[in-house]
Every structure is written in C-alpha cells, then in structure tokens.
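User: I'm new to this structure and would like to learn how to read it. Could you walk me through its features one at a time?

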Amino acid sequence: MDFTPSPIKRKFIKDEAYDLISKKIISGELKPKSKIRINELSEALGISRTPVREAILRLEDEGLILSKANRWTMVAPIDVDETLNIYPIISSLEKLALELGFENINDEIIENLEYINENIKKVQDKKNHIKILELDQAFHKEIIDLAQNKEIESLLDGLKRKVSRVDIYFFEDDSHKMSSFDEHAEIIKFLKKRDLDKALKAVEKNWATTMSSLEDIDFSNDEDEELF
C-alpha cells in the first residue's frame, strides 16, 4: 500500500515564519511603513524564502502587510479609523459569547480569570507590554470560550489580530494597565455574583476604555519613512 507522507515539517516552518513575523510587527520591532525585503528577513529568521513568502501573503490577507507587485512590500500603517470601527464589533461579539455561555460559568473559570488578572498586575512593573497583551487576550479568551462557538472564536481571533498593534500602544501607558486590571476585576466580581446584566456592562466598559484612549495616542512617531 502506498502512503504519501504529509508535509508536516513544511507546514510547521510556514507557521513558525508567520508567528515570528507577526510578533515582530505587533511588538513594533517591524514598524509601520517599514520596507520588508524577503531575502534579508529570511536570513534574519534563519528560515528559507518560500515559507517566509507564504507567511507574508497570509499577513497581507490579514491587513498587517501591504505590497505592490514588483515594487515594494511593507508593514501596513496603523489605521486608527479602521480600529475604531473594529473595537465595537469585538465588544459586541464578546458580550454575545458571554450571554450564550453564561450558564457554563463555574468556580474553575472564575479562578482562571483571577489568576490571569493577578499576573497582569505582576507584569505591569516589568514594562513587558507583549506579555501584558498576551495575558489580556487570555483573560478575554476565557470569556469567549464560554460560548463554545467556533464561529465567534474565529471571527474574534481575526479581528483582534487587526487591532493588536494598537493594544500594544494602549498597554505602554501605566494608567491604562491599571485600569484594565480594575475593569477585569469588576467583570470577575459580577461573574461571581452570576449577574449577567452587570457583567455585560463591565465587558462593554472595558472595551470602551480602550476606544476612548485612542485620541491620546500618537502613532506617527513609530512610522518609518513613506515609500511612495
């Protein structure tokens, strides 16, 4: 019997390239409007050009990279207007997930939320914005997963990737880190009381705080020179 081996290794390298490049973009190591050269990026990552190209195409589909055939490839600039359009959708979908999965809340989930939130507080002093973002995403994922709805999870995953760079800017401000911790604690408090209405309002408030902060953030200083 003839078995065709699955391209597991190739798929792993492609995904690894995607993860590495996306983290560089989200962290700001690859700044908005900075030019991307496949050969240089491939060499820097220690990954061959083909999986790097595939990762670039995937990131282009997600809106994190822009390209013009045979001319340039660059990190997409941060579009504040697009972000302001996305945040209310994220808030609404997360509230829907909470409403659908409210009956699934138990002591273990509450403990997980408390543990994650306490770690957010601990990491604040270390100025590790990426780690805080990861913990914040983990906190909200606990809420989203309550619904056990793959469609909601998929939609939110894509939307949150689009705004992740803005989230990093948000967490660079110490006051925003503390407000996020406090608002998470409020969500937990109402989940403990099994008060759905107040928990939904607390989730909405948490996202509204992020949206309102965008007016005070200057994104221009972290952009590379225009390419066109």
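Analyst: Happy to. Keep in mind that this is a predicted model. Let's begin with a pocket and its lining: sorted by class, the residues around the second largest pocket are four nonpolar, no polar and five charged.

User: Which residues line the second largest pocket?

Analyst: They are Lys 24, Glu 29, Leu 30, Lys 35, Ile 36, Arg 37, Glu 40, Leu 41 and Ala 44. Helix H2 (residues 38-45) has the largest share of that lining, with three residues. The space in the second largest pocket is about 150 Å³.

User: Let me step back for a moment. How many helices and strands does the protein have?

Analyst: There are nine helices and two strands. Reading from the N terminus, the order is α-α-α-β-β-α-α-α-α-α-α. As for burial, 42% of the 228 residues are buried.

User: Now the largest pocket. What is its volume?

Analyst: The largest pocket comes to about 560 Å³. Its lining has 20 residues, and those nearest the centre are Glu 134, Gln 137, Asp 157, Lys 160 and Arg 161. Helix H1 (8-27), helix H6 (129-144) and helix H7 (150-171) are the elements that each put two or more residues into this lining.

User: Which helix gives the most to the lining of the largest pocket?

Analyst: That's H6, with seven residues. By class, the lining of the largest pocket splits into seven nonpolar, four polar and nine charged residues.

User: And where does the largest pocket lie relative to the domains?

Analyst: Look at who supplies the lining. Domain 1 (13-75) and domain 2 (80-216) both contribute residues to it, so the largest pocket lies between them.

User: What about closed spaces? How many cavities of 30 Å³ or more are there?

Analyst: A cavity is a space where the probe fits but cannot get out, whereas a pocket is open. Searching the whole structure turns up two cavities of 30 Å³ or more. The largest cavity holds about 80 Å³, and the second largest has a volume of about 30 Å³.

User: Which residues line the largest cavity?

Analyst: Asp 136, His 140, Asp 167, Phe 170, Phe 171, Ser 180, Asn 206, Trp 207 and Thr 210. At least two of the lining residues come from each of H6, H7 and H9. By class, this lining is three nonpolar, four polar and two charged residues.

User: And what surrounds the second largest cavity?

Analyst: Asp 136, Gln 137, His 140, Lys 160, Asp 167 and Trp 207 line the second largest cavity. Here H6 and H7 are the elements giving two or more residues, and H6 gives the most, with three. The classes are one nonpolar, two polar and three charged.

User: Trp 207 came up just now, so let's talk about rings. How is a pair of aromatic rings described?

Analyst: You use the distance between the centres and the angle between the planes. In this model, a search of the whole structure finds two aromatic pairs. In one of them, the ring centres of Tyr 87 and Trp 207 are 5.7 Å apart and the planes are at 40°, so this pair is tilted.

User: Why does the pair of Tyr 87 and Trp 207 tie together parts that are apart in sequence?

Analyst: Check which helix each residue is in. Tyr 87 is in helix H4 (residues 80-101) and Trp 207 is in helix H9 (residues 196-213), so the pair ties together parts that are 120 residues apart in sequence. Tyr 87 and Trp 207 are both buried.

User: What kind of aromatic pair do Phe 170 and Phe 171 form?

Analyst: Theirs is edge-to-face, with 5.1 Å from centre to centre and 80° between the planes. Both Phe 170 and Phe 171 are buried, and both belong to the lining of the largest cavity.

User: Which charged residue sits over the ring of Tyr 18?

Analyst: Arg 58 does: its charged end is over the Tyr 18 ring, 3.5 Å from the ring's centre.

User: One last residue, Gly 101. Is it buried or exposed?

Analyst: Residues under 20% relative accessible area count as buried. Gly 101 has 0% relative accessibility, so this glycine counts as buried. Gly 101 is part of helix H4. Along the sequence, Gly 101 and Gln 148 are 47 residues apart, while in space they are 7.1 Å apart, C-alpha to C-alpha.

Notes. Residues are numbered from 1 along each chain as its sequence is written. This is a predicted model: local features need pLDDT of at least 70, side-chain atom pairs count only at pLDDT 80 or more; totals for chains, interfaces and linings use all residues. Side-chain values use heavy atoms; hydrogens and water are left out. Rings of Phe, Tyr and Trp (its six-membered ring) pair if their centres lie within 6.5 Å; planes under 30 degrees apart count as stacked, over 60 as edge-to-face and the rest as tilted. Helices (H or I, at least four residues) and strands (E, at least two) are DSSP runs, numbered from the N terminus. Buried means under 20% relative accessible area, exposed over 50%, partly exposed in between (1.4 Å probe, protein chains only). A charge sits over a ring if NZ of Lys or CZ of Arg is within 6 Å of the ring centre and within 35 degrees of the ring normal. On a 1 Å grid over the protein atoms alone, a cavity is a set of points where a 1.4 Å probe fits but cannot get out, and a pocket is an open set with protein on both sides within 12 Å along at least five of seven lines; lining residues have an atom within 4 Å of a point. Grid points are joined across faces, edges and corners, and a volume is the space filled by probe spheres set on the points. Ala, Val, Leu, Ile, Met, Phe, Trp, Tyr, Cys and Pro count as nonpolar, Asp, Glu, Lys and Arg as charged, and the others, Gly among them, as polar. Domain bounds come from an automatic or database domain assignment.
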